Amino acid sequence: MIKGYGEKLDKLYQEIRYNNSKKQNIRLKNICTTNPEILTLKNNIKILSFQLMKSPNSNNSNQLKLKINEIRSKIKNILNDLNLPENYLDTIYTCSLCNDTGYILTQKCSCLISNLTKLYLKESELKLSIINNNFENFNFSFYSDDIIKNSTISPSTNIKNIYANILTYIKTFKTNKLNLLFNGECGSGKTFMTHCIAKDLLDSGYSVLYKTSEDLFTELFNYSNNKIVNRFNESINDSFLIQCDLLIIDDLGTENQNKLYPSIFFNFINKKLFLNKKMIISTNFTLRDLQQTYSDRIFSRIIGNFKVYNFFVHEDIRIQQKQIKR
Ligand SMILES: [Zn+2]
């Protein structure tokens, strides 16, 4: 888990528990206005339970248990008369699996993963609408069966291969060390695929950050100039940019050029590779374009450490979508 997120989650669970105990107190208070004896009964249970806890194996422990059960059924009868459920005055839990602790023994509870996802999603810069781009909506019909010039396979076979490999990538995300480079022309489905991956990984509790190339370079530039880049004013090493489980860089090559960018980008890529923090880069550039645009050392880092997937279609998917809508 990324630094700072543990604290955010602790705070969230404290709040959940506080709100539930407030709710429970209000219930008790309301019932006590008409049935004040409930308060005495509840207090007696507390005292007896404490005695039982102190000496669970004493001679009168059975007697204590009997007494506690007796009082419990008295409370139950009162609640029955009020047409309220038996557990109406019990501790309220939002998640009964982990009793609002977030953990079942040492394992993360499903509620914790879902809360963590919500926190990550806030930071990931993926808009909720984008999250609708997921594998369930993946449309293979945009990729035709006809083989394109200069290619040995059809767009359809190609995308099916990529799709299968990506599913394996996601399944083995925890252990694999793969960085991916998606290249191909505009409208060949690269960005859609990155959204699908982001959605699946976020749902599994991984932290995913999505950046357009332009935003990434601006942010890196600000870090290198010691400008305040986020409200925590954290160093780049502690930043979400470095620490997230997956960074997606969309549209590499579309950023405005700046003579300092190549060395800043090289250091950044190196840091991520050194820390085994995974990246996916999408770009309209061919490998040759990349080599010409960035320095040789950046190019060799990418070629040496990224698995390349080439996306291609007969016709821009966005144009195909427009034709369908007509
Ligand atoms: Zn839970």
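# Reading helix packing

Q: Which way do α7 and α9 lie to each other, roughly parallel or roughly perpendicular?
A: Roughly perpendicular, in this predicted model. As a general idea, you describe two packed helices by the angle between their axes and how far apart those axes are. Here α7 (residues 213-224) and α9 (residues 261-274) pack at an angle of about 90 degrees, and their axes are 10 Å apart. Angles of 65 to 115 degrees count as roughly perpendicular, so this pair fits the label.

Q: Which residues make that contact?
A: On the α7 side, look for Phe 217, Leu 220, Phe 221 and Ser 224. From α9 come Tyr 261, Ile 264, Phe 265 and Phe 268. Sorted by type, the contact of α7 with α9 has seven nonpolar residues, one polar and no charged.

Q: At what angle do α9 and α11 cross?
A: Roughly 25 degrees, with the axes of α9 and α11 (residues 296-305) coming within 10 Å. That angle makes α9 roughly parallel to α11.

Q: Is the crossing of α9 and α11 left-handed or right-handed?
A: Left-handed. On α9 the contact uses Pro 262, Phe 265, Phe 266, Ile 269, Asn 270 and Leu 273, while α11 brings Arg 297, Ile 298, Arg 301 and Asn 305. The split for α9 with α11 is six nonpolar, two polar and two charged.

Q: What about α2 and α3: roughly parallel or roughly antiparallel?
A: Start with the angle again: α2 (residues 37-54) packs against α3 (residues 61-81) at about 160 degrees, with the axes 10 Å apart. Over 145 degrees counts as roughly antiparallel, so α2 and α3 get that label. The crossing of α2 past α3 is left-handed. Among the contact residues are Ile 38, Leu 41 and Ile 45 of α2, and Leu 64, Ile 68 and Ile 71 of α3. By type, the residues in the contact of α2 with α3 are ten nonpolar, four polar and four charged.

Q: What span does α3 reach?
A: Its 21 residues take α3 31 Å from first C-alpha to last, close to the 30 Å expected at 1.5 Å a residue. Just after α3, check Asn 83, which has a positive phi of about 60 degrees.

Q: Zooming out, how many helices and strands are in the protein chain?
A: Twelve helices and seven strands. For overall shape, set the radius of gyration against a globule: 326 residues in a compact one would give a value near 20 Å, but the protein chain has 29 Å. Along the principal axes, the C-alpha atoms fill a box of roughly 85 × 50 × 35 Å.

Notes:
Residues numbered from 1 in each chain as written. Predicted model: local features only at pLDDT ≥ 70, side-chain atom pairs only at ≥ 80, totals over all residues. Axes fitted to C-alpha atoms, helices over the stretch in contact; angles between N-to-C directions. Helix = DSSP H or I, 4+ residues; strand = E, 2+ residues; numbered from the N terminus. Parallel < 35°, antiparallel > 145°, perpendicular 65-115°, else oblique. Left-handed = near helix turned anticlockwise from the far one by under 90°. Contact = placed C-beta atoms within 7 Å. Nonpolar A, V, L, I, M, F, W, Y, C, P; charged D, E, K, R; others polar. Expected span 1.5 Å × (residues − 1). Rg over C-alpha atoms; globule rule 2.2 N^0.38 Å.
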